[in-house]
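Student: I am new to this structure. Could you walk me through it, please?

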Amino acid sequence: MQTKIYQNLIGGQWVSAQSGETFLNRNPANIDDVVGEFQSSGEADVDRAVKAARAAYKQWRLFPAPKRGEILYRAGELLLRHKENLARQMTREMGKVLSETRGDVQEAADTAFYMAGEGRRLFGQTTPSELRDKFAMSVRMPVGVCGMITPWNFPMAIPSWKLFPALMCGNTCVIKPAEDTPLSTFNLVEMLLEAGLPEGVVNIVTGYGPEAGAPLVAHPEVDAISFTGSSEVGRIVGQTAAGFFKPCSLEMGGKNAMIVLEDANLDLALDGAVWGSFGTSGQRCTATSRIIVQKSIVGEFTRRLVERAQALRVGDGLNAQVEMGPQINQQQVETSARYTGIAEKEGAQLLTGGKRLSGDGLDKGFFFSPTVFGGVGAGMRIAREEVFGPVVSLIECDSFDQAIGFANGIQYGLSTALYSRNVNLAFKAMRDLEAGITYVNAPTIGAEVHLPFGGVKQTGNGHREGGTGALDFYTSWKAVYVDYSDRLQRAQIDIGE
Ligand code: ADP
């Protein structure tokens, strides 16, 4: 079968990159399987897309917000109608198992429905004026043209977190999806077009980060940037945006800790540990990568976790029997192998896994075995640096206070979890864990779209996706004063009347 060529979407037209070059999107479970051919775009293509978004903004910002919401609602319905097909295509390009890609599509639909409802709220505030016969209110205004750069681990959900609130707020968008998973962004935008989104309101430019992502950040007519990806690239994106005083939302790394205390329901904690560590092959920014276990139960917990990791069926995510898919590409599987070496050198004990898998039909994919390290010191690199693979470290602790200290002792602050039946300690953990997300008796993964998503410390730069935080990023506040007194009234001066 001939490979399908996908073009950029600019101003409602499907167009090739000016370079005339393309790149291949391959199935990470089988690199011989080519999912599609996509445009290698550069600065000129980005410029065209930004100009198209700028032109569409003139009308889109005036389109009533409830009507913008209705388009999102219809897109949500279409996502659910085509869920199975979209999930299959996503597993083929990204690798994670079908139950997870179905969840990824569901998350996009959830975001569509949530933001559709916001179209009839988008609340501002009215407040009394300090002066007589004067009316005061604050209203949310769109920001303008928003640039979006997305990663490959949630190929549809993350683009939806950015596109849907931005659109509902009246912005137009240029999105540069990850080069490993562009198809799901196309599929998402197809749903929007079918739902009635006008031409030019969303534009897609595919390509590599430095060639197609960087010019989007640096384009003077892009009013805001939303980025999800690595800390290294996030730093570059943030620095460039700062040069233009552009609002910039950065969502980056994590090294997420699960604390298991001796009074925990151990069966529940193990279920959470396996799902949190090996779901999406550990390639979630909220993945459980450190498990801090109280001394009295560390032996039993370790033994049972290793058994569970060894029992996981690894393979092609399209196969219904498979529980863990491949990593996304050669580089990620090399990173997992490299950190295995680093951890062993530091003195951590490799309890299971630690190697690339081959044979049994796995030779053509990027499969890495579920990996558990024991005897990990909280200061070791394997306990501080993000791997983004199916690699988890067990750290022993003496007490609740020590566990909190270990959990907080890193540069990241995205997600955390506590397993305990002690309500006092649960509330202390909710207060004291330095993270944007804390779960009690649930793993570090599993965010819902109507709650704020993001982290503290070097995980982000203070913005939140999901929840009302998304509205804060994609709108700017305008204060409006209406004086109906028919005379000059001076704030702070004409007082006491
Ligand atoms: P990941 O580990 O998820 O691959 P990256 O940070 O490398 O994380 O990539 C996330 C997104 O950022 C991708 O869409 C990628 O193409 C893009 N990107 C990479 N380098 C740059 C850059 N210099 N400027 C802008 N975007 C970039």
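**A first look at the fold and the ligand**

Tutor: Gladly! The protein has 14 helices and 22 strands, and please keep in mind that this is a predicted model.

Student: What is the radius of gyration of the protein, and why does it agree with a compact globule?

Tutor: Start with the chain length, which is 497 residues. A compact globule with that many residues would have a radius of gyration near 23 Å, so the value for the protein agrees with it. That value is 24 Å.

Student: Which residues are closest to the ligand?

Tutor: The ligand takes up the space of the largest pocket, and 18 residues surround it. In the shell around the ligand, ten residues are nonpolar, six are polar and two are charged. The closest of the surrounding residues are T150, W152, K176, E179 and S230.

Student: How far is an oxygen atom of the ligand from an N or O atom in the side chain of S230?

Tutor: Let's go through some polar contacts. A backbone N or O atom of A214 is 3.5 Å from a nitrogen atom of the ligand, and a polar side-chain atom of W152 is 3.1 Å from a ligand oxygen. For the side chain of S230 and an oxygen atom of the ligand, the distance is 2.7 Å.

Student: How much of the area that the ligand exposes when taken alone does the protein bury?

Tutor: Taken alone, the ligand exposes 550 Å². Of that area, the protein buries 83%.

Student: Which element gives the most to the shell around the ligand?

Tutor: Two or more residues each come from α7 (209-218), β11 (224-228) and α8 (231-243). The element that gives the most, with four residues, is α7.

Notes: Residues are numbered from 1 along each chain as its sequence is written. This is a predicted model: local features need pLDDT of at least 70, side-chain atom pairs count only at pLDDT 80 or more; totals for chains, interfaces and linings use all residues. Side-chain values use heavy atoms; hydrogens and water are left out. A residue is near a molecule or strand if one of its heavy atoms lies within 4 Å of it. A polar contact is a pair of N or O atoms within 3.5 Å; within protein, one must be able to donate a hydrogen and the other to accept it, and residues adjacent in sequence count only if both atoms are side-chain atoms. Accessible areas come from the Shrake-Rupley method with a 1.4 Å probe; for residues, only the protein chains shown count as cover. On a 1 Å grid over the protein atoms alone, a cavity is a set of points where a 1.4 Å probe fits but cannot get out, and a pocket is an open set with protein on both sides within 12 Å along at least five of seven lines; lining residues have an atom within 4 Å of a point. A molecule sits in a cavity or pocket if more than half of its atoms lie within 2 Å of its grid points. Ala, Val, Leu, Ile, Met, Phe, Trp, Tyr, Cys and Pro count as nonpolar, Asp, Glu, Lys and Arg as charged, and the others, Gly among them, as polar. The radius of gyration is taken over C-alpha atoms; the globule rule is 2.2 Å times the number of residues to the power 0.38.
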